[in-house]
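Let's walk through this model together, starting with the chain as a whole and ending at a pair of side chains. Keep the 3D view open as you read.

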Amino acid sequence: MDVQRADRTGKPYIAVAIGNGVLRSQVTKCLMSFYRFVEYPDISQAIAGCRTHVPRLAVVSEELSMNTGCDFVRMLRNDPKLKAVPVVMMVDKDDEATRDRVRRCGAESYLADPYTRSTLINAISDLLNRRVEDKWQTLRPPQRQALTNT
């Protein structure tokens, strides 16, 4: 089943791959009103689940069972079916080394702890909207113009 499209509720599907149960619960509570999601506590479940039901986006923590979140992102990027899934990486600190690591592993965005609910929702919305707007470029000029400033 391809869940790239939103279901009848209009909510996009998000994969939440976070090893820490408390953090995973906090993140999913933030997402509950706006998105459908599936929680994955480890990398093997996350990859298997994403291959079965391709998400519109993945929220990933640095620590993911015996692996790192970057290992998971690299696995996504190397899978033809999953390579285009945008990733928001949850990190412990906001410094140059962390930003570099997140960029090198292929995550499009990151959030440093502590973060607010609105910051998380905005990061996800920005990535999802960017993908939609990128598709606008393939439209014919009159159709593209109709969508401008919407």
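Among contacts in the protein chain between residues at least 6 apart in sequence, 58% join residues at least 24 apart. Please keep in mind that this is a predicted model. Of the chain's 150 residues, 40% count as buried, and the chain exposes about 8600 Å², with carbon and sulfur atoms supplying 51% of that area.

Next, the secondary structure. The protein chain has 6 helices and 7 strands, and from the N terminus on its elements run β-α-β-α-β-β-β-α-β-α-β-α-α.

Now find the sheet. An open sheet is built from 5 strands, with parallel pairing, in the order E2-E1-E3-E6-E7. Strand E2 (36–40) and strand E7 (109–112) stand at the edges; each has a single partner strand, so one side of each is left without a neighbour in the sheet. On average, neighbouring strands of this sheet are turned by 20° against each other, direction ignored. Within the sheet, strand E1 (residues 13–17) pairs with strand E3 (residues 57–61) in the parallel sense over 4 bridges. There you can spot alanine 15 opposite alanine 58 in E3.

A helix to look at next is H3 (residues 69–77), which lies across E1, E3 and strand E6 (87–91) and runs at about 170° to E6.

What fills the interior? In soluble globular proteins, nonpolar side chains tend to be buried together. Here, the largest nonpolar core has 25 residues, and those with the most contacts inside it are Ala58, Val60, Phe72 and Met89. E1, helix H2 (43–52), E3, H3, E6 and helix H4 (96–105) each supply at least two residues of this core. Methionine 89 is a good residue to select in your viewer: leaving aside residues up to four places away in sequence, methionine 89 touches Val60, Ser61, Glu62, Gly69, Cys70, Val73, Val102, Cys105, Ala107, Ser109, Tyr110 and Leu111. Apart from the largest core lies another core, of 19 residues, among them Tyr35, Ile121, Ile124 and Leu128.

Tyr35, listed in that other core, takes us to the last stop. The structure holds 1 aromatic pair: phenylalanine 34 and tyrosine 35, tilted, at 6.4 Å centre to centre with 55° between the planes. Are these two residues buried or partly exposed? Phenylalanine 34 has 38% relative accessibility and therefore counts as partly exposed, whereas tyrosine 35, with a relative accessible area of 7%, is buried.

Notes:
Residues are numbered from 1 along each chain as its sequence is written. This is a predicted model: local features need pLDDT of at least 70, side-chain atom pairs count only at pLDDT 80 or more; totals for chains, interfaces and linings use all residues. Side-chain values use heavy atoms; hydrogens and water are left out. Rings of Phe, Tyr and Trp (its six-membered ring) pair if their centres lie within 6.5 Å; planes under 30 degrees apart count as stacked, over 60 as edge-to-face and the rest as tilted. Buried means under 20% relative accessible area, exposed over 50%, partly exposed in between (1.4 Å probe, protein chains only). Contact means heavy atoms within 4.5 Å. Accessible areas come from the Shrake-Rupley method with a 1.4 Å probe; for residues, only the protein chains shown count as cover. Two strands pair if DSSP finds at least two bridges between them. Axes are lines fitted to C-alpha atoms, for helices over the stretch in contact, and angles run from 0 to 180 degrees between N-to-C directions. A nonpolar core is a set of buried Ala, Val, Leu, Ile, Met, Phe, Trp, Tyr and Cys residues joined through side-chain atoms within 4.5 Å.
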